[in-house]
Amino acid sequence: MCAPSLSKYGLLLMCCFSLFSCAAGEPASQAQAEQTEAQDQGDKLSVLLIDGQNNHNWRETTPVLKKILENSGKFTVEVSTTPPGVPRPPRKPANKKLTEEQEKQFEEYKKAWEAELARLQKENPALWKQWRPDFKKYDVVISNYNGENWPKEVQQAFDEYVTNGGGFVSFHAADNAFPEWDAYNKMIAVGGWAGRDEKSGPMLRLRDGKWEQDTTAGRGGTHGTRIPIVVKVREAEHPIVKGLPLEWMHPADEVYGKLRGPAENVQVLATAYSEPSERGTGEHEPIMMVIDYGKGRVFHTTLGHDTTALQGTGFQITLQRGAEWAATGDVTQTVPEVDWKDNEPTVQTP
């Protein structure tokens with residue numbers, strides 16, 4: 001700002017000089033900075049992170065996933081949020097008689113749900129017509145989505161994207177999604193819940209050091225109590241896990257079990273034991289997998305129930321490396337120096 005004591009003539013000279021300086025120097029500096037930033041961005045892999053519907057708290061986990069990826073210095077991350085899902089209707093408690101006041105409150109909840117349902121049914125069709133991610137713009141797509149079916153046009157575009165060499169990372173409950181979408185189920189190899197059973201395909205079972213397909217009848221998808229778990233690497237030479245400890249402790253999480261699907265072109269990188277004493281299966285369940293789909297590569301991790309689970313150092317490293325591998329087929333990120341703990345989870349704040 002010009003000093004008040006300056007003469008009008010001096011003020012004019014100073015302002016002219018200031019304008020000249022801006023015209024001559026600052027745009028060049030700004031252009032240089034923009035060029036440098038563009039070069040930095042150009043050196044990074046582009047990620048599309050999809051959320052919007054999930055039986056898990058995607059509003060909390062998506063920002064943490066984004067930060068984990070960006071912390072590596074390897075990625076730029078764009079989030080695409082789908083139209084909202086229909087909320088579950090309120091239900092009365094089973095085997096419990098409600099008081100008059102509780103009955104009144106329940107009726108109010110029900111009316112509010114009906115109003116929200118009517119609004120979404122009116123607005124969502126137009127929103128879904130607008131939701132058309134351009135998958136081809138990205139090196140890798142990461143799904144934090146478990147909800148209603150994507151429009152057929154989007155499904156076809158995604159199938160073509162992965163088939164033609166695009167990378168895909170299925171994160172946690174994303175493997176619960178789309179039970180009727182054949183291509184998607186081949187991409188993730190095995191998935192759970194949403195009506196999956198023996199008709200969906202076999203379970204993967206470790207027997208005498210080898211993976212077998214178990215066609216036993218039964219539902220697909222279960223998990224026990226969330227407790228800290230031991231991650232056991234099964235393919236130590238794969239680029240995603242190479243250089244990591246053969247075993248490490250991960251914070252409290254869900255160990256998905258009895259996952260079913262086509263189970264084709266899949267390699268299990270790591271497992272976790274599902275403790276029978278904690279309502280688990282008593283099996284070493286696959287928790288990290290890689291799948292070949294056409295020319296594309298898929299990294300499937302079942303870890304990551306909530307922000308506590310995302311604090312796991314091993315999870316963060318494998319997400320970063322898994323995303324790079326899915327995008328390029330290689331991993332250039334070295335394993336950082338970590339003080340791996342023996343009897344408790346190794347964690348870090350993203």
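**Pockets, a buried arginine and a covered helix**

The largest pocket holds about 310 Å³ of space in this predicted model. Its lining comprises 15 residues, and those nearest the pocket centre are Gln-53, Asn-54, Asn-55, Gly-85 and Val-86. Sorted by class, the lining of the largest pocket contains 8 polar residues, alongside 4 nonpolar and 3 charged ones.

The second largest pocket has a volume of about 230 Å³. Here 19 residues form the lining, with Ile-229, Val-230, Tyr-273, Ser-274 and Glu-275 lying nearest the centre. Three strands, β7 (227-233), β8 (247-253) and β9 (266-273), each give at least two residues to the lining of this second pocket. Of the contributors, β7 provides the largest share, 5 residues. The lining of the second largest pocket divides into 8 nonpolar, 6 polar and 5 charged residues.

Turning from the pockets to a single side chain, Arg-205 offers a helpful place to pause. This arginine sits in strand β5, which covers residues 203-207. Is Arg-205 buried or exposed? Its relative accessibility is 4%, and the cut-off for burial is under 20%, so Arg-205 counts as buried. The side chain of Arg-205 is in polar contact with that of Glu-285, at 3.0 Å. Setting aside neighbours within four places in sequence, the contacts of Arg-205 include three glutamates, Glu-212, Glu-283 and Glu-285. Asp-214, Lys-210, Lys-258 and Trp-211 complete the set of residues in contact with Arg-205 on that basis.

Helix α7 invites a simple check of its geometry. The helix runs over residues 313-328, 16 residues in all, and at 1.5 Å a residue it should span 22 Å. The C-alpha atoms at its two ends are 23 Å apart, so the model agrees with the expected span. Helix α7 is also mostly covered, with 15 of its 16 residues buried. Directly after the helix comes Gly-329, and this glycine has a positive phi, near 85 degrees.

For the overall setting, the secondary structure of the protein chain amounts to 7 helices and 11 strands. The chain has 350 residues, and buried residues account for 43% of them. Contacts across the sequence can be viewed in a similar way: among those between residues at least 6 apart, 69% link residues at least 24 apart.

Conventions. Residues numbered from 1 in each chain as written. Predicted model: local features only at pLDDT ≥ 70, side-chain atom pairs only at ≥ 80, totals over all residues. Heavy atoms only, no water. Helix = DSSP H or I, 4+ residues; strand = E, 2+ residues; numbered from the N terminus. Expected span 1.5 Å × (residues − 1). Buried < 20%, exposed > 50% of the residue type's maximum accessible area, 1.4 Å probe, protein only. Polar contact = N/O pair within 3.5 Å; in protein donor to acceptor, adjacent residues only side chain to side chain. Contact = heavy atoms within 4.5 Å. 1 Å grid on protein atoms, 1.4 Å probe; cavity = no way out; pocket = protein on both sides within 12 Å on 5 of 7 lines; lining within 4 Å. Points joined across faces, edges and corners; volume = space filled by probe spheres on them. Nonpolar A, V, L, I, M, F, W, Y, C, P; charged D, E, K, R; others polar.
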